[in-house]
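User: Hi! I have a structure here that I would like to talk through with you, one question at a time. Could you walk me through it?

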Amino acid sequence: MPDNGTIHGNGRAHGHRKAHGHDDRHAADACAAPVDAETVAVHLAAVLAVATPLAPELASLDAARGLVLAEDIRSATATPPFDNSAMDGYAVRRDDLLDASEDNPVTLQVIADLAAGTSENPALEPGQAARIMTGAPLPDGADAVVPIEDTDRGGLYFATVLRAPEPAAHIRRTGEDAQAGDTVLTAGSVLWPTRIAAAASAGRSSLLAHPAPRVAVISTGSELVTPGDVPRRGQIPDSNSYLLAAAVAEAGAVPIRIGAVPDDENTLRDLLATLADTVDAIVLSGGVSVGAYDVVKAVLAPLPSMTFGPVRMQPGKPQGFGRWPAGDDGAPGPVIFALPGNPVSAYVSFEVFVRPALRRLAGHTELHRPTITASAATGWNSPPGRAQYMPVTVERTGPDSRVRPAAAGGSGSHLVAGLGQATGLALVPEDVTRIDEGDLLTVMLLLCPQLP
């Protein structure tokens, strides 16, 4: 993923260093990032350094879908393990049928009826055939299969062939898919259904794979109520825990949505201590800035394993991450992500930092969303000195892709209803303060599956 996004020239000036019409340095300074703020790239690198892949575990084939394989898989036997029929029909000796046609039908004696899974192996003599089903082992002496459609459909004892078969017609040869010892899957492969089938065909009932991270999701704030409850003055529905739990699941991890907790340090500290032995990561939203009731920062900032500080991005400037202290056994505690409380800030922070980290925990090497280049369908401003991640709707895809802000208010960090229309994040570099209609932007696609 690009550090701060890219704006491409298309024949006229783009990426203005100040807004059109006047020098607004005084107004812009209020929105600028602090001089000690990290870049997105620096912060992301630090996050990924903490999020090391989880130790592999054995997973049954039923439980392996979507996991990342941690071993090479070799076929235990040849696949298929014996010559078998690719059609329902008759196993024959081709020499008996060289002149067979509708005008010159050839009748053979049927000596056996071979279903898939049979262990029978009747040896065919000249003039003989065996009725055979798809997947059944080819009997000794047979060197071709005549499909049922090329016969009179036969009887109990005889079948008449109406067309001469080609050499080795409709025979699946031993080992034509894989030989014993062949590598059919390599470590690092994502176990999609087709790959699970390949592992099963290779004779494996369980696989060594990185487990899906278990992730606790917590919203903080005494103002938060459960959606559906009637809020009193000063209260709002908790959307963040649902937003982030769904995002965790979409990333391939296992969400454990705790919901909202009040701004009480002891309550939060006890909750984190309880969760530490049961999860691989914790995602918190809210309480990470410099307010009087920023409970997350108050609880976690004293830990030497945690880091808090501004990042040069908009939305999402206040960030915190690290690990809960190691347990008595010395095992490292869960990775902790402390995100801003405003919903758009929380979601952008998740996409830029948390999602790649969760994918690394799960053993993935492809960590980031796909990107496209698209033109702006309308103009907007971007704060100086901060990489902007504008939620956008992708109107068209392909060579003439176009995007426009998903919400009328642009990238406002509280615009959760508008966020629901976003299908991408447009990346605007730190040194660009104005996007004009037609400017080309790098856009992170939010609704495209991440391919392995």
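User: Happy to start with charged pairs: which residue forms a salt bridge with Arg214?

Analyst: Good place to begin, and please keep in mind that this is a predicted model. Side chains of opposite charge can pair when their charged atoms come close. For Arg214 the closest N and O atoms of the pair are 3.2 Å apart, and the partner is Asp280.

User: How many residues apart are Arg214 and Asp280?

Analyst: Arg214 sits in strand 14, whereas Asp280 belongs to the loop between helix 5 (265–275) and strand 18. The pair therefore links distant parts of the chain, and the separation is 66 residues.

User: Is Asp280 buried or exposed?

Analyst: A residue counts as buried under 20% relative accessible area. Its partner Arg214, at 38%, is partly exposed. Asp280 has a relative accessibility of 15%, so Asp280 is buried.

User: Which parts of the chain does the salt bridge between Arg369 and Glu250 tie together?

Analyst: The closest N and O atoms of Arg369 and Glu250 are 3.1 Å apart. Arg369 is buried at 8% relative accessible area, while Glu250 is partly exposed at 41%. The two are 119 residues apart in sequence, so the pair ties together the loop between helix 7 and strand 23 (371–376) and helix 4.

User: Which residues are linked with Glu250 and Arg369 in a network of salt bridges?

Analyst: A search of the whole structure finds 13 salt bridges. Glu250 and Arg369 belong to a network of them, and the other members are Glu351 and Arg355.

User: What is the N to O distance in the salt bridge between Glu395 and Arg402?

Analyst: Glu395 is partly exposed, with a relative accessible area of 36%. Its side chain meets that of Arg402 in a salt bridge, and the N to O distance is 3.7 Å.

User: Let's go to the strands. How many residues of strand 22 are buried?

Analyst: In a regular strand the side chains alternate between the two faces of the sheet. In strand 22, Val335, Phe337 and Leu339 are buried on one side, and Ile336 and Ala338 are buried on the other. Both faces are thus covered. The strand, residues 335–339, is largely enclosed by the rest of the structure because the buried count is five of the five.

User: Which residue of strand 22 is the bridge partner of Leu284?

Analyst: Strand 18 (residues 281–285) and strand 22 pair in the parallel sense over five bridges. Strand 21 (residues 318–323) runs antiparallel to strand 22 and is joined to it by four bridges. Gly320 has Ala338 as its bridge partner in strand 22, and for Leu284 the partner is also Ala338.

User: Which element supplies the largest share of the largest nonpolar core?

Analyst: That core has 41 residues, and those with the most contacts inside it include Val40, Met313, Phe337 and Tyr389. Elements that each supply at least two residues include helix 2 (40–50), strand 14 (214–220), strand 18 and strand 22. The largest share is 10 residues, and the element supplying it is helix 7.

User: How many residues are in the other core that lies apart from it?

Analyst: Among the members of this other core are Leu268, Val295, Phe308 and Trp324. It lies apart from the one just described, and its count is 22 residues.

User: Which residues does Phe337 touch, not counting residues up to four places away in sequence?

Analyst: Phe337 is one of the residues with the most contacts inside the largest nonpolar core. Its list of touched residues is Val47, Ala281, Ile282, Val283, Leu284, Gly320, Val354, Ala357 and Leu358.

User: And on the surface, how much accessible area does the nonpolar patch of Leu156, Tyr157 and Phe158 have together?

Analyst: Leu156 is placed in the loop between strand 9 (144–147) and strand 10 (158–161). At 72% relative accessibility, Leu156 counts as exposed. Together with Tyr157 and Phe158, Leu156 forms a nonpolar patch with an accessible area of about 420 Å².

User: Last one: what percentage of the residues in the protein chain are buried?

Analyst: The chain comes to eight helices and 29 strands. Its accessible surface is about 20,800 Å², of which 52% belongs to carbon and sulfur atoms. Of the 452 residues, the buried part is 48%.

Definitions and conventions:
Residues numbered from 1 in each chain as written. Predicted model: local features only at pLDDT ≥ 70, side-chain atom pairs only at ≥ 80, totals over all residues. Heavy atoms only, no water. Buried < 20%, exposed > 50% of the residue type's maximum accessible area, 1.4 Å probe, protein only. Pairing = 2+ DSSP bridges. Patch = residues over 30% accessible without salt bridge, like charges linked within 9 Å, V, L, I, M, F, W, Y side chains within 5 Å. Areas by Shrake-Rupley, 256 points an atom, 1.4 Å probe, with all protein chains shown as cover. Salt bridge = Lys/Arg side-chain N within 4 Å of Asp/Glu carboxyl O. Core = buried A, V, L, I, M, F, W, Y, C linked by side-chain atoms within 4.5 Å. Contact = heavy atoms within 4.5 Å.
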